Amino acid sequence: MTGADRTVFVNTAAASTGGTGVPSESVDLTAPFGGGTLPNPVTTASGCAGYGRELAKFLPLAELGSITTKTIMPAPRSGRPTPRMAETPSGMLNGIGLQGSGIEHFVANELPWLAERGARVLVSVAGERVEDFAACARALNGQPGVVGLEVNLSCPNADNSGLVFAANPATAHDVVQAVREVAEPTLPVYAKLAPDVTSITDVAKACVRAGADGLSMINTLPGVVIDTDTLRPHLAGVVGGLSGPAIRPVAVGCVYAVHAAMRAGECAAVPILGMGGIRTGRDALEFVLAGASGVAVGTAIFNDPTAPLRVLDELREALAARGFAKLTDAVGLAHHH
Amino acid sequence: MAHPVQRQAEIVELSPVGAYHRLVLRAEGIAERVLPGHFAALAVDRADGSLLLRRPFFVHRADPAEATVEVVFAEAGRGTRALARQRVGDVVDVVAPLGNAFPIPTGPASALMVAGGYGGVPLFGLAERITEQGGSVGFILGASTADRLFGVEQARAFTPDVLVTTEDGSYGIRGQITLPLTEAMRAIEARVVYASGPTGMLRAVAEVCAREGVRCFTAVEQTMACGVGVCMSCVLPVVGEDGVSRLVRSCVDGPCLDGSRVRWEDIGAVPPDLEGAAAMGGC
């Protein structure tokens, strides 16, 4: 079946506007974010936009709802040896190892630059111990440009034989709680969840109980690519994270499941930031319909550095074509069946 | 560093050149910004996202009057095969110019160009600049076999000082490109050596230059995902001005790097004295 053969269903609320579509420029893209809002729902996925400087050559950062930074840890990290990347069908596998200059350098050199450009910064933080996360959060209090913290729970826990914090509800809870305790009360804290867990809904519930103001879903999926010429794993770090369009149905499925739990009252309702293989506005709309009120563009940036703004424009068009006057009218609509 | 732009470029020529392909693209706003050593990142599949990553290629020629840039590539995988199957008139998404260009000596200087395989691609524009400002150039072009050589005639049009090596002896001197290197450097009294080609070759050239006390700039090629500095895939260990070694991105901190600052023996490793190596316990 081709797209042209399909009927595009329009929002029933559109009947009140007297047509099947609304002018795209009039679509209200205001997006719930933590307890507040952002001007629009599009951000960059952590690790796919650096700290913004490179992308700023291709798009005005302030036009995005926010920019999510590469994950920042307390100390500088060299990252893993190369090869760090392998292209895979409709995606890529990466094992960068969170290379970065550390939180002090970020606060002194990167954040002021972002703030000067009017960027709204969602800072991704991580650590090997609960207190590392809290130390990063503390260092960001009172800093310009920061609109929220994203807690990268896919980092091995040094106190638990290297199992990632996201792997079980209890460790995820502890990290979120520690960050929530030290972060400025007005600053939303998002928990970034891993898809390769027994029940992402249980982890989501634990994070919300711990005070998470939002959930970012999903991180990459672990995978291995073997080089059949060298007969060895392709990445120096062996295991990498799979991203790109290949993982989109997994990501949409996770958002759908957690939003369903919120609708059922099993989990307090907080905004979901959906990500995983978004390349077009249509892809972003899938996440919105599944329950996300924000979307992050990640690996697609490597293909097209202007992808975040393009996705925003395309999402606006896609909402308008289906008769949505407001982004929020579409959030979770796929559950109404 | 270059200020890149993204353009939908029209293919005006796509033709074989030896074992390689020559691709000429027309797009406004690129050619006039290109310096020798800059590269272009081409999307090879925008239609359905099945082949996401851009392919980086050194710019061979840039013609501002015609608004064209020319790249040369070898068919090495699915992406470059798809590119080779494009036709004149097709449109390719290009981001260029990218990277740091070769530093050019001020005033007349004697420079030796060392090119492995189609590594000569960025060196001809450089040779032109150096001769324009009264300098002189020599070339050593090497490859595994004669059909993998690139630019032999082009080099001869520049200068009589052209040496060719092939590992199988099918053309020129039999042996590796470093075989005639020391002698060639001395013969033309090279003040600087520019090298472009496979990493092993660059390392060997940099070592000879260090021994001879001659400056050496290398155009490194590491696997890239984005080409614009965000993916952190293409890093290699380099000693900074402050004496501290770091993993730097070959796309935005290179690709043209001082050969004496690259820690060639540590590419693919994280030696303990690298900044941030100590923190690499967990993720």
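I call a residue buried if 20 or more other C-beta atoms lie within 10 Å of its own. I needed that cut-off for the first entry, and I kept in mind throughout that this is a predicted model.

**Entry: helix α4 of chain A**

I started with α4(A), residues 200–209, and counted eight of its ten residues as buried, so this helix is largely enclosed by the rest of the structure. The buried ones are A:I200, A:T201, A:V203, A:A204, A:K205, A:A206, A:C207 and A:V208. I noted that a lysine, A:K205, is on that list. Next I looked up what does the covering: it includes α3 (169–182), β9 (189–193), β10 (214–217) and α5 (248–263) of chain A. Just past the end of α4(A) I found A:G211 with a positive phi of about 110 degrees.

**Entry: helix α2 of chain A**

I then went to α2(A), residues 130–140, where the buried residues are A:D132, A:F133, A:A134, A:C136, A:A137, A:A139 and A:L140. They pack against α1 (103–116), β7 (121–125), β8 (146–152) and α3 of chain A. Here too I checked what follows the helix: A:G142, just after α2(A), has a positive phi of about 75 degrees.

**Entry: where the chains meet**

I looked up the contacts between the chains and got 43 residues of chain A touching 35 residues of chain B. On the chain A side, the elements that give two or more residues are β5 (85–88), β6 (91–94) and α7 (300–303). By class, I have that side down as 21 nonpolar, 14 polar and eight charged residues.

**Entry: strand β8 of chain B**

Over in chain B, I found strand β8(B), residues 136–143, mostly covered, with seven of its eight residues buried. I wanted its partners. One is β7(B), residues 110–116, which pairs with β8(B) in the parallel sense over seven bridges. Within that pair, B:M113 sits opposite B:F139 of β8(B). I followed the chain from β7(B) through helix α2(B), residues 123–132, to β8(B), and this β-α-β crossover is right-handed.

Another partner is β9(B), residues 162–166, which runs parallel to β8(B) and is joined to it by five bridges. I picked out B:A143, whose bridge partner in β9(B) is B:T166. β8(B), helix α3(B) (residues 152–158) and β9(B) also make a right-handed β-α-β unit.

**Entry: the barrel in chain B**

I traced six strands of chain B that close into a barrel in the order β1-β2-β5-β4-β3-β6, with antiparallel pairing. From one strand to the next, the twist averages 45 degrees. I looked at one pair more carefully: β2(B), residues 20–26, and β5(B), residues 68–73, run antiparallel and are joined by six bridges. There, B:H21 stands opposite B:F73 of β5(B).

**Entry: the nonpolar core**

Last, I asked which residues touch the most other members of the largest nonpolar core. They are B:A40 and B:V193, in a core of 206 residues. The element that gives the most to this core is α5(A), with eight residues; I had already met α5 of chain A as part of the cover over α4(A).

I pulled the contacts of B:V193, leaving aside its neighbours within four places in sequence: they are B:L112, B:V114, B:M185, B:V205, B:C209, B:V214 and B:C216.

Notes: Residues are numbered from 1 along each chain as its sequence is written. Chains are lettered from A and ligands numbered from 1 in the order in which they are written. This is a predicted model: local features need pLDDT of at least 70, side-chain atom pairs count only at pLDDT 80 or more; totals for chains, interfaces and linings use all residues. A residue is buried if 20 or more other C-beta atoms lie within 10 Å of its own, exposed if 12 or fewer, and partly exposed in between; C-beta atoms are placed from the backbone. Helices (H or I, at least four residues) and strands (E, at least two) are DSSP runs, numbered from the N terminus. Two residues are in contact if their C-beta atoms, placed from the backbone, lie within 7 Å. Ala, Val, Leu, Ile, Met, Phe, Trp, Tyr, Cys and Pro count as nonpolar, Asp, Glu, Lys and Arg as charged, and the others, Gly among them, as polar. Two strands pair if DSSP finds at least two bridges between them. A crossover is right-handed if, with the strands pointing away from the viewer, the path from the first strand over the helix to the second runs clockwise. Axes are lines fitted to C-alpha atoms, for helices over the stretch in contact, and angles run from 0 to 180 degrees between N-to-C directions. A nonpolar core is a set of buried Ala, Val, Leu, Ile, Met, Phe, Trp, Tyr and Cys residues joined through C-beta atoms within 7 Å.
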